[in-house]
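Me: I have a model open and want to go through it step by step. Can we start with a part of the chain that is covered, then work towards the cavities?

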Amino acid sequence: MEHAGLTLASVGLLALGSQWLAWRLKVPAILTLLIAGIAAGPVTGLLDPDALFGDLLFPLVSLAVAVILFEGSLTLNFRELGGHGRTVRRLVTWGALITALCGALAAHWLLQLSWEMASLLGALLVVTGPTVILPLLQTLRAREHLTQILRWEGILIDPVGAIGAVLVYEFVALGSGTQALPHTLALFAQTALVGFGLGVAGGYLWGQVLRQHLLPQRLHSFGTLMTMLGLFTVSNALFHESGLLTVTVMGAWLANMRGVPTRPIIEFKETLSVLLISGLFILLAARLTVEQLALLGWPAWAFLAVLLLLVRPLAVWLCTIGSGLDWREKGLLAFIAPRGIVAAAVASLFALRLEEIGVPGADRLVPVTFLVIIATVVSQSLLARPVGDWLKVRRPSAHGVLIIGANPVARQMAHCLRQAGLGVLLTDSSWDAVQAARAEKLSAYYGDPLSEHASQHMELTGIGYLVPLSPYRELNDLAALHFEHLLGQGQVFRLAVNLGRQARRQHATAIEHVPYLFGREMTFAQLSSLVERGARFEVEKLTETPRHRQVLRPSGEKAAPPIGAPGTRTAPLICIGSSGRPRIASADAPLSPRKGDHVIRLVMPGGDIT
């Protein structure tokens, strides 16, 4: 027992280290997790999941995959699919079908798999997924419409591809023991009927519970998880292997049911999924054996080459006919298609079950899938930016601003930035503040900007700077640390805070390298108080070089005029040059406006900006 506990704790620490390393290297976490699992399993022999869990391994993997598929299907909003263009719709429908069919042909001819196993492998390798696509897009910085296409393909293909893979698997598993095709089709129809029927019924009934608030808010996430797992178990009991289809359909139904508050559920599932995914993929990779790795000879590498160099370009070319994209843009779409978490998890689960019933070729499913995942993630993570530069489809440096907060202070600043020609996105966890921002025609994300949901759904295209204007100190500081990794040092800021001496010392130690926004004395409380007393942010364009540079320093410095006095104005807070690049005042970087700059100041009632 003590040995098992030590092993589980070691897996957790290894998962944490893998996640941290992926964050530092800016690569998808699945890559470091799989490498860690292979190192701990077949390479060193330190981890043996079958010996550790015994008969519990199969149920644990099954339940974990159910949670992962359910979370993915919760993001499948059909209204969003209709709003992102014909190309996205084609890629997640016809493109997925083309990839599955061509992948099956290649697997049959090159890997010598049966048609059943080849079809299953082709269906599994359709999915890409947001967990591998989004880190690539953040470093690639392709043109906005290309980023949107790839981003939404990654989000939508996950549950769509999972449904297709589950259906193919049901056909393979149910048909493996009989030669009578009509009987096999009948069993397949029953599986689909139970899966779709229970999924729709469970999604509708549980949606009514959530919509009618028949359960306390604090139990929504827990209740959803238990209901989903209960339906998964009941579905499998009613008809063998229909549970995955049930939970996928249930999640998609909840995502598209009006009035159902799914956001708190998604946020809860994010934390759970990080735990499950991290441990699951180390354990699954550790189950690989030297014999399985030895199966990866030249046919497997040839299959990989066909998948990347022929199948993906063919699918993109057919799906982008008449789209208006030029050959360079189509080339980038054809290059970016890394496989991800759903493919690895579902392949491992299906392989376990198919090996139990003796389906030939099931032992090759996992190593080939892992080869495709590791090869695509590594090659595309390393080569995405060089390929984007060669194709000349990358965007110039981003100058847009992400504002933490959607309160009146943040909204005033957003209007000035937009008037100066910058892209602006606000984010707030207050629905009223977000609604107010959207009513003023400002782009706003509702939710926690640090969550996994935000990383997948918050539109950061064109964003290069972070300005914290939230009343919550912890959120402002955590956002600065979180987005500094993405935007870079000098592009994010923190707000000054009024703290005691001891608290100030502790606070400075944690985030001392981040510059103060607008000076060391400009707190949110001060800004909010000034706005409540009638102050306003205003923007002007300088038509001549300023004559009095001595006052052009951040607010709170000695050379600045008194803040809050009627008829006065602050020094410039933000200057935007002709290139569109903002220069933001901080305690260590006073501003010197130039001719042609747009200058944003805070003006008190009766003040002027001449």
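Me: Which residues of helix 7 are buried?
Reply: This is a predicted model. Helix 7 spans residues 115-124 and is mostly covered. Buried here means under 20% relative accessible area. The residues of helix 7 that meet this are Met117, Ala118, Leu120, Leu121, Gly122, Ala123 and Leu124.

Me: How many of the ten residues of helix 7 are buried?
Reply: The buried set includes Met117 and Leu124. Over the ten residues of helix 7, the count of buried ones is seven.

Me: What percentage of the 610 residues of the chain count as buried?
Reply: The chain folds into 24 helices and eight strands. Among contacts between residues at least 6 apart in sequence, 74% join residues at least 24 apart. Of the 610 residues, the part that counts as buried is 55%.

Me: How many cavities of 30 Å³ or more are there?
Reply: Rolling a probe the size of a water molecule over the atoms shows where empty space is left. One cavity, the largest, holds about 220 Å³. The second largest has a volume of about 110 Å³. With the threshold at 30 Å³ or more, the count is two.

Me: Which helix gives the most residues to the lining of the largest cavity?
Reply: The largest cavity has 16 lining residues, and the closest to its centre are Leu137, Gln138, Thr147, Leu460 and Thr461. Helix 8 (130-140), helix 9 (144-175) and helix 22 (473-487) each supply at least two residues of that lining. The top contributor, with three residues, is helix 8.

Me: How many residues in the lining of the largest cavity are charged?
Reply: Sort that lining by class. Seven residues are nonpolar and five are polar. The charged ones number four.

Me: Which helix gives the most to the lining of the second largest cavity?
Reply: Residues lining the second largest cavity include Leu91, Gly95, Glu153, Arg312 and Arg339. Three helices each supply at least two residues: helix 6 (85-110), helix 9 and helix 15 (298-319). The one that gives the most, with four residues, is helix 6.

Me: How many nonpolar residues line the second largest cavity?
Reply: Ala96, Val126 and Ile157 are among the lining residues. By class, three residues of this lining are polar and three are charged. The nonpolar ones number six.

Me: Is glutamate 153 buried or exposed?
Reply: Glutamate 153 is found in helix 9. Glutamate 153 also lines the second largest cavity. The cut-off for buried is under 20%. Its relative accessible area is 6%, so glutamate 153 is buried.

Me: Which side chain makes a polar contact with the side chain of glutamate 153?
Reply: Beyond four places in sequence, glutamate 153 touches Val88, Leu91, Val92, Thr128 and Arg312. The C-alpha atom of alanine 337, 184 residues away along the chain, is 9.7 Å from that of glutamate 153. The polar contact, at 2.9 Å, is with the side chain of arginine 312.

Me: Why is strand 8 largely enclosed by the rest of the structure?
Reply: Strand 8 covers residues 598-603. Strand 5 (residues 536-541) pairs with strand 8 in the antiparallel sense over six bridges. Strand 6 (residues 574-576) pairs with strand 8 in the antiparallel sense over three bridges. Strand 8 is largely enclosed because the buried part of its six residues is five.

Me: Which residue of strand 8 is the bridge partner of valine 539?
Reply: Strand 5 and strand 8 pair in the antiparallel sense. On another pairing, cysteine 575 has valine 599 as its bridge partner in strand 8. For valine 539, the partner in strand 8 is isoleucine 600.

Me: Which residue has a backbone oxygen that the side chain of threonine 32 reaches at 2.8 Å?
Reply: Threonine 32 lies in helix 2 (residues 29-43). At 10% relative accessibility, threonine 32 counts as buried. Residues that threonine 32 touches include Gln19, Leu21 and Val27. The backbone oxygen at 2.8 Å belongs to serine 18.

Me: Which class does the relative accessible area of 37% give glycine 197?
Reply: Glycine 197 lies in helix 10 (residues 181-211). The C-alpha atoms of glycine 197 and methionine 250 are separated by 9.5 Å. Buried needs under 20% and exposed over 50%. At 37%, glycine 197 is partly exposed.

Conventions:
Residues are numbered from 1 along each chain as its sequence is written. This is a predicted model: local features need pLDDT of at least 70, side-chain atom pairs count only at pLDDT 80 or more; totals for chains, interfaces and linings use all residues. Side-chain values use heavy atoms; hydrogens and water are left out. On a 1 Å grid over the protein atoms alone, a cavity is a set of points where a 1.4 Å probe fits but cannot get out, and a pocket is an open set with protein on both sides within 12 Å along at least five of seven lines; lining residues have an atom within 4 Å of a point. Grid points are joined across faces, edges and corners, and a volume is the space filled by probe spheres set on the points. Ala, Val, Leu, Ile, Met, Phe, Trp, Tyr, Cys and Pro count as nonpolar, Asp, Glu, Lys and Arg as charged, and the others, Gly among them, as polar. Buried means under 20% relative accessible area, exposed over 50%, partly exposed in between (1.4 Å probe, protein chains only). Contact means heavy atoms within 4.5 Å. A polar contact is a pair of N or O atoms within 3.5 Å; within protein, one must be able to donate a hydrogen and the other to accept it, and residues adjacent in sequence count only if both atoms are side-chain atoms. Two strands pair if DSSP finds at least two bridges between them.
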